[in-house]
Amino acid sequence: MPWEGFEAMPLMDDDRLFPVDDRGRGLARSLYRTVKDLPIISPHGHTDPRWYAENENFPDPAQLFVTPDHYIFRMLASQGVALADLGVPDAAGHATETDGRKIWRIFAEHFHLFRGTPTRLWLDHSFETLFGIDVRLSSATADETYDTIAEHLARDAFKPRALFERFNIEAIATTEGALDDLSFHAALKESGWQGKVVTTYRPDAVTDPDFEGFVGNLAKLGEISGCDTATYAGYLDAHRARRAFFRSFGATATDHGHPTAATADLARVDAERLYGVVASGGGTPAERELFRAQMLTEMARLSVEDGMVMQIHPGSFRNHSAPIFLALGRDKGYDIPTRTDYVRALKPMLDAVGQERGLTIILFTLDETAYARELAPLAGTYPCLRLGPPWWFHDSPEGMMRFRQQATETAGFYNTVGFNDDTRAFCSIPARHDVARRVDCAFLSGLVTTGRLREDEAFELAHDLSYRLAKEAYRL
Amino acid sequence: MPWEGFEAMPLMDDDRLFPVDDRGRGLARSLYRTVKDLPIISPHGHTDPRWYAENENFPDPAQLFVTPDHYIFRMLASQGVALADLGVPDAAGHATETDGRKIWRIFAEHFHLFRGTPTRLWLDHSFETLFGIDVRLSSATADETYDTIAEHLARDAFKPRALFERFNIEAIATTEGALDDLSFHAALKESGWQGKVVTTYRPDAVTDPDFEGFVGNLAKLGEISGCDTATYAGYLDAHRARRAFFRSFGATATDHGHPTAATADLARVDAERLYGVVASGGGTPAERELFRAQMLTEMARLSVEDGMVMQIHPGSFRNHSAPIFLALGRDKGYDIPTRTDYVRALKPMLDAVGQERGLTIILFTLDETAYARELAPLAGTYPCLRLGPPWWFHDSPEGMMRFRQQATETAGFYNTVGFNDDTRAFCSIPARHDVARRVDCAFLSGLVTTGRLREDEAFELAHDLSYRLAKEAYRL
Amino acid sequence: MPWEGFEAMPLMDDDRLFPVDDRGRGLARSLYRTVKDLPIISPHGHTDPRWYAENENFPDPAQLFVTPDHYIFRMLASQGVALADLGVPDAAGHATETDGRKIWRIFAEHFHLFRGTPTRLWLDHSFETLFGIDVRLSSATADETYDTIAEHLARDAFKPRALFERFNIEAIATTEGALDDLSFHAALKESGWQGKVVTTYRPDAVTDPDFEGFVGNLAKLGEISGCDTATYAGYLDAHRARRAFFRSFGATATDHGHPTAATADLARVDAERLYGVVASGGGTPAERELFRAQMLTEMARLSVEDGMVMQIHPGSFRNHSAPIFLALGRDKGYDIPTRTDYVRALKPMLDAVGQERGLTIILFTLDETAYARELAPLAGTYPCLRLGPPWWFHDSPEGMMRFRQQATETAGFYNTVGFNDDTRAFCSIPARHDVARRVDCAFLSGLVTTGRLREDEAFELAHDLSYRLAKEAYRL
């Protein structure tokens, strides 16, 4: 066999993701060397503030790496593994399999499925750099790796705050719903720990009439904000109040995950009437969509008032499988991207606030065809718009390269905002930033070796893309 | 002139389609060396079973290479050559030009049009490997090449079965309509020849109300199946019977070529009513589309029953030119791809059967934007879904590379199914598989040289992509 | 700092845009050497015929490079620079800032925004080759470069005709509206200067009912053509007359910039009725779109009559920002591409005239997803269709490479028409053609080094793509 003996090699190639030509690789290495140790700015993500607040050890390897990670469990499911066998809870919250070692063995047995995927890069990075593992995961090495990871996780040096410091995170943002009491952020504040963990205002549960419990959510919003959400004015005041509350825990940004990028700018009387319809649990699908659309414009207006950066993450068809949703609930790997229009969709909001100084709206997409056609032209002219990094399925080496290749020529680099890890998988954060830094260095190197950029500019840009742009765009 | 003397060089570069950097090229060569002689699994195509059954010599070179190949005659037509001058028959089946040599001279004169196309790669491969031709086709070499090919085609060693064996085909699937009596497959079975040639069930003529003669086709379906196609239940039973008949000639798969990927899952009473409407030749365009949609779900249910693999080939706008269709009939090079939605389209079928164990549905597309956005996420979670290889216009080096670049990071390799040649051009089969194997080796090599995959894994994957995945997915 | 000392290097890399591997770079260089000095055929653009007619010196550097160039001012605007500060006039034609040096300083200060964009390549090319500048533009070098350029612009050798000759332009087409009196073309004709400057017939103002002043434009059309535009027949005759008038000033082509690619082929009586509706200022949005659609087919019919090449540039959402349009008027950087369908859109026109010999229709797109899916298949079969080069946002190294990668395998090279600079920025013309020639040489080189094309063919193609195809397609 031509590949005997490879199992024992280190998991990672030092030059991974760099160009293959000598000059390009050499320059990419030089660029990377200047950014690899920069602090991590993680301005958008989904880590649990409880971790930082309580600083408890993480549970077993399966609970850390497999069971909560939709990238992993959906791939195993796609090849016939039952989610229950991976400990993924059902709609009632009940997990069939709770034996971490059993879950880990199934995972290890299917590890080849991740060949060529970013998940594989993230996992190998974590295994090697955090746990010193130098054997590839497989059925043969399942128990050995499980034991190694479990042993590390029990140490103090692997508690959340220690890892946060080890990861060299300068600032991280979590994401909380509008109704969250931010108790973990409060506890964290009082703890005296110096790690910078801020929240992000994510009001979908009270801006999307199709969100579970929307009507009750509005009542709760009124209650906790002290505003009368029976009226549209009171409802908007409640948002004002909550946004201020979130800002008191460091929030600099809001986030909006709508099925489309539709915005609207209704006359006040029409907006009030529409609110009346949806707030009572009514409304046709078109009216519910119109309300979401109107809310994006209202949120942008509030951002003009209070300076919060607005993020729009549109285009996911959530919970695509009806039987899976019924049996297992949301977030079970069945969120599928859809074609997304931005040009007509954003016009009402941009006509309303698109020329406001101080406003920043960061656009994301799950539809890569929009990069060159819509997003770069829009961000390349509207002063309020910036392009978020490749998101979700596109947070990958090929995805990042396509983003730079398709967006840069029209939007340049300075209408982009650096990297978001956007993850709840804590251990993957350094790996994800490392991938982004490497791909950007490779892209910059390619521009230099093809005579489109000068070396000094590439070094400056490598720093900007790895650190400065995220910090500035998110005001962290 | 800087390029004098090149005409006499061999037609093919031994390293074609491999990476240009030394390490990448070396590894691609090594990978390719382990797969180039693997048997061909051709699980989906359109070769004529009559060839294998009767084993007659192929007619002249023009009839083999030019007249029946839509890749070739459409390109010549695009530059003003009349299809009649290429021997392409009109709607009544009459061919104006029947002199093979004349046709061949026109083809040779326009051979430069194929520069940079896969057709050129396939032709040069056939010319050189099958007929020992070492001069490029042009007006100057037209007669010489014609004579060489004609002389070879007259030999026993160039009869279909001899070529089948020479091509090292382990298994090939043809495609027949639901009403076909499979007489050539029957003759083949009785002949005692050991070549594995199976059929595929393609029921469009009896599932698409817009197909020519649909109402008559239903009557014929009833007659040959012995089922009462006047009722929906009888109609479905007729499918059951025909599928069983096809399986008795080796069929392991069905194939469905619809204008869109729409599926539906109507209540039984609504499906019966709809069948009544379309079976009598009625129905609005929307009802006819709904019937096609319903039939995909019914076919998937029958696949759950009988284990046949289901292939969906949506998105071709057939017979785009009305005057050409009127004068010359179907399949004259005027089938044009259209934007194709999968996310909403497939949901009814996937809600109905998407979690069934043992079901395999292979999705194809003519809309490459769906690879990363829709197809890879769907196949990367639904256990029944697999991604077919790049199809038709995308069955090309760039098309294959884009497929791997856009699908792999989300779906991995193991939700894909190897290569389909999908051709009626017999001599192109080894060439097409060779292109696919080379591109896959190049892609794998690139993953290794950029540190995203280990060498041993690349060797295993090269074998999987060239041979094993097709064999397993199609159960051959 | 690792990049000290780079500021003083020449602005351009001699090998820019070539492949990075040695063999590929060497071959690209050889190919480029044979085409770099070929005359420029510029068959579609927006330079001002007044320049050639009056041959006055260009005003200051800012008026030449910054104020009229939407690529530049939109990028600065996207980062918060006020258009007024760049001298861009408001809707009434009033320019706030008229001090060229002040404008230039703002531009210089923001020059880093163009890193990685084609604008940067074009500017550096002009700065270095025309003005001998060898320092990068920045705040530090703003005054020095301004003075150098201003000093050159005052010379006789920098007058329009001298530059035209220096640029080695064999033929250039300007674009004029149907109502233009072509007085500058007339003056040019009488001047005895031998430069070949032809016009192009662009009738949008009298074919698009949504164009400003449409009804009045029809009256003016009747007046200047001597035809009765109160009737549809007279209206079409007026087009005939104007097209003939334009041809008398060298026009060989027409150009049509519609929001979509929709075409229609109404019965004569319906077309007449529709004309009655829109010519009186009426019509629903759908009727206005239908009229534009009908006019594309009528224009194609007139092209069959008079042999003019037809260009279709669809898919721009013009004047996206309502407040900017209100304050500053059209063409202020807010034209955004949209998804564009060609398959269904073009069918009526193609059914009407798609098989006409002698007809050439050149299709452009702002939606790159159409290259492989729709445009290459259409141009790869319809004899009248050709593909225009990458347009506007896609007139860039990555855009050109994507075009070749996505269109060639289906349409080949010979259904494309060489390069269009499509610019009003005179000094950028040599730079733009240089980029196109380099990228094509790089693409061809890549085909050779990956064994998909022979060297002699690459040399022939390099010449075709740089010169011959444009000349032939546009009949110049």
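Reader: Which side chains meet in a salt bridge between domain 1 and domain 2 of chain A?

Author: In this predicted model, chain A is divided into domain 1 (16–56 + 158–473) and domain 2 (57–157), and the rule finds one salt bridge across the interface of these two domains. A:Asp156 falls within the bounds of domain 2 and A:Lys159 within those of domain 1. The N to O distance for this pair is 3.6 Å, within the 4 Å that a salt bridge allows. The side chains that meet are those of A:Asp156 and A:Lys159.

Reader: Which element gives the most residues to the side of domain 1 of chain A that touches domain 2 of chain A?

Author: Besides that salt bridge, the rule finds eight residue pairs in polar contact across the interface of the two domains of chain A. On the domain 1 side, the elements that give two or more residues are helix H8 (160–166), helix H15 (322–328) and helix H19 (428–449) of chain A. The element that gives the most, with six residues, is H19(A).

Reader: What area is buried between domain 1 and domain 2 of chain A?

Author: The contact joins 34 residues of domain 1 of chain A to 28 residues of domain 2 of chain A. Carbon and sulfur atoms give 68% of the area buried between the two domains, and the area itself is about 2600 Å².

Reader: Which three residues supply 18% of the area that chain B buries against chain A?

Author: The contact takes 48 residues from chain B and 54 residues from chain A, and the two chains bury about 4400 Å² between them, with 52% of it on carbon and sulfur atoms. Within the part that chain B buries, one set of three residues supplies more than any other three, namely B:Arg373, B:Glu409 and B:Arg454.

Reader: How many salt bridges does the rule find across the interface of chain B and chain A?

Author: One pair of side chains that meet in a salt bridge is B:Glu460 and A:Arg115, at 3.3 Å from N to O. The rule also finds 30 residue pairs in polar contact across the interface of chain B and chain A, while its count of salt bridges there is seven.

Reader: Which strands of the open sheet in chain C stand at the edges?

Author: The open sheet has three strands in the order S1-S2-S4, with parallel pairing. Each edge strand has a single partner strand, so one side of each is left without a neighbour in the sheet. The edge strands are S1 (40–42) and S4 (197–198) of chain C.

Key: Residues are numbered from 1 along each chain as its sequence is written. Chains are lettered from A and ligands numbered from 1 in the order in which they are written. This is a predicted model: local features need pLDDT of at least 70, side-chain atom pairs count only at pLDDT 80 or more; totals for chains, interfaces and linings use all residues. Side-chain values use heavy atoms; hydrogens and water are left out. Domain bounds come from an automatic or database domain assignment. Contact means heavy atoms within 4.5 Å. Buried area is the accessible area (1.4 Å probe) that two parts lose on being put together, summed over both. A polar contact is a pair of N or O atoms within 3.5 Å; within protein, one must be able to donate a hydrogen and the other to accept it, and residues adjacent in sequence count only if both atoms are side-chain atoms. Helices (H or I, at least four residues) and strands (E, at least two) are DSSP runs, numbered from the N terminus. Two strands pair if DSSP finds at least two bridges between them.
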